[in-house]
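Here is a walk through one protein chain and its ligand. Keep the model open and follow along.

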Amino acid sequence: MSSMRFVRCFSTRVNIARLTCPKALSISSTYSLRPLVIPNLKNAYSYSTQQGEEKTGGGKGAKILLGVAAGLLGAGAGYYYFNGTDNVLEKTSKVPVTKDIDYQKIYNQIADVLENNDWDDGSYGPVLVRLAWHAAGTYDTVSKTGGSNGATMRFSPESDHGANAGLKHARDKLEPIKQKNPEISYSDLWSLAGVTAIQELGGPTIPWIPGRKDADASTACSPDGRLPDASLGAPHIRETFGRMGFEDRDIVALVGAHALGRCHTDRSGYKGPWTSSPTMFTNGFFTELLNKKWVDKKSIDKKWKGPEQYVDKETGELMMLPADMALLKDKGFKQWVEKYAKDEELFFKDFAAAFHKLLELGIPRTGNEKVYHFKRTGES
Ligand code: HEM
């Protein structure tokens, strides 16, 4: 059993966790990691000021016209045509695009299953964020393949890609919610689960747009090797995220999600959490990265037989991947690590924008879609 006590505060709960969770108080006073202040969520994030729904453009009339057009297209052609590419996702699921789905209800259902004392640090949130990211992060801006459309990770070989090890737990966790709400596609459900987990664990409001369609066949799987390799450095990270269309600022913001969750020896081979509050979305990844002294795990744990990774010298309980350390070593990345460590509000704003963009990669849009901003559970 680890000697370090990890903070386990949840969801709506997390919005007030920093004041009310006794564990948050105890860990913070021991390690002085981050201030126990409730950020004013409504003011803090530019995206979150309007709860409820919003449109990117058009009005009710436009929506009806769009619905009629989509219906005619669906009936006549029997498939959807994506981006003018020869993407195999042309053949898609039977999820109707025109049906009004209560996404806030599904958000709430996901939020309700996050907390689980038998799982890791007590929340499925982190692994759901990883599922949403791995489903979307396969996108290639040149060939316009990959991305969250299709939910192709349901199929082999993508489900068996090394990078996706352990994500079956996340997919299985969401299955009963899919059964309860057959009208939502798996691809929408997975991306919505990522949004739900981030918000419920205290992160920013992420604008979300539905409309992803599931692929019918495993032939739509993304090729292996599109997700970043944790053992590599800055050039690899830039190249991998560059392929998705991200720049230094977005990349650093996105990796800040490592404030959540932990590494597992039976999945990636690495071990441990990045922060001492792995169920709270904060800028803690950046403050730890900058302020702790990181040493090769082998230097303090002679028995370690796993891949090269770093641990904090003080306790040996927190970890960093070689790819995380690359954010410190590379000047272009480091300037953002420093900014986000100083300014959680800036991090939340940039993360929300980058994560939204990630979930949108490769999804055909007209610009008239409804954009959802979900209420956290317990928020009126
Ligand atoms: C350079 C880029 C990245 C690398 C090399 C990387 C690598 C990893 C590795 C090796 C794990 C451990 C998996 C396990 O053993 O369970 C992990 C976990 C995780 N990653 Fe990343 N990752 C990267 C970027 C991201 C991004 C962009 C996000 C989200 C926006 C993200 C979210 C997560 C989360 C939440 C976990 C914890 C999962 C859990 O607790 O089960 N990562 N990542």
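**From the whole chain to the ligand**

Of the 380 residues in the chain, 45% are buried. The model is a predicted one. It contains 15 helices and 7 strands. Take the contacts in the chain with a separation of 6 or more: residues 24 or more positions apart account for 74% of them.

Go next to the interior. In soluble globular proteins, nonpolar side chains tend to be buried together. Here the largest nonpolar core has 79 residues. Which of its residues touch the most other members? They are Ala132 and Ala193. Set aside the neighbours of Ala193 within four places in sequence. Ala193 is then in contact with Ile110, Leu128, Leu131, Ala132 and Leu174. Ala132 thus appears again, as one of the contacts of Ala193.

Now turn to H10, the helix that spans 248–255. Why is H10 largely enclosed by the rest of the structure? The reason is that 7 of its 8 residues are buried. These are Asp248, Asp250, Ile251, Val252, Ala253, Leu254 and Val255. What do they pack against? Their partners are four helices: H9 (234–244), H13 (322–329), H14 (331–342) and H15 (344–360).

Look at one of these partners, H15. The axes of H10 and H15 cross at roughly 100 degrees and come within 8 Å. An angle from 65 to 115 degrees counts as roughly perpendicular, so H10 is roughly perpendicular to H15. From H10, the contact uses Arg249, Asp250, Ala253 and Leu254. From H15, it uses Phe347, Asp350, Phe351, Ala354, Phe355 and Leu358. By class, the residues of this contact are 7 nonpolar and 3 charged, with no polar ones. Asp250, Ala253 and Leu254 of H10 take part in the contact with H15, and these three are also among the buried residues of H10.

Finish at the ligand. How many residues surround it? There are 25, and the closest are Pro126, Ala257, Gly261, Arg267 and Ser268. Three elements each give two or more residues to this shell: helix H6 (125–136), helix H10 (248–255) and strand E2 (262–263). H6 gives the most, with 5 residues. H10 therefore has two roles in this account: it is largely enclosed by the rest of the structure, and it contributes to the shell around the ligand. What classes of residue make up the shell? It has 16 nonpolar, 5 polar and 4 charged residues.

Definitions and conventions:
Residues are numbered from 1 along each chain as its sequence is written. This is a predicted model: local features need pLDDT of at least 70, side-chain atom pairs count only at pLDDT 80 or more; totals for chains, interfaces and linings use all residues. A residue is near a molecule or strand if its C-beta atom, placed from the backbone, lies within 6 Å of it. Ala, Val, Leu, Ile, Met, Phe, Trp, Tyr, Cys and Pro count as nonpolar, Asp, Glu, Lys and Arg as charged, and the others, Gly among them, as polar. A nonpolar core is a set of buried Ala, Val, Leu, Ile, Met, Phe, Trp, Tyr and Cys residues joined through C-beta atoms within 7 Å. A residue is buried if 20 or more other C-beta atoms lie within 10 Å of its own, exposed if 12 or fewer, and partly exposed in between; C-beta atoms are placed from the backbone. Two residues are in contact if their C-beta atoms, placed from the backbone, lie within 7 Å. Axes are lines fitted to C-alpha atoms, for helices over the stretch in contact, and angles run from 0 to 180 degrees between N-to-C directions. Angles under 35 degrees count as roughly parallel, over 145 as roughly antiparallel, 65 to 115 as roughly perpendicular and the rest as oblique.
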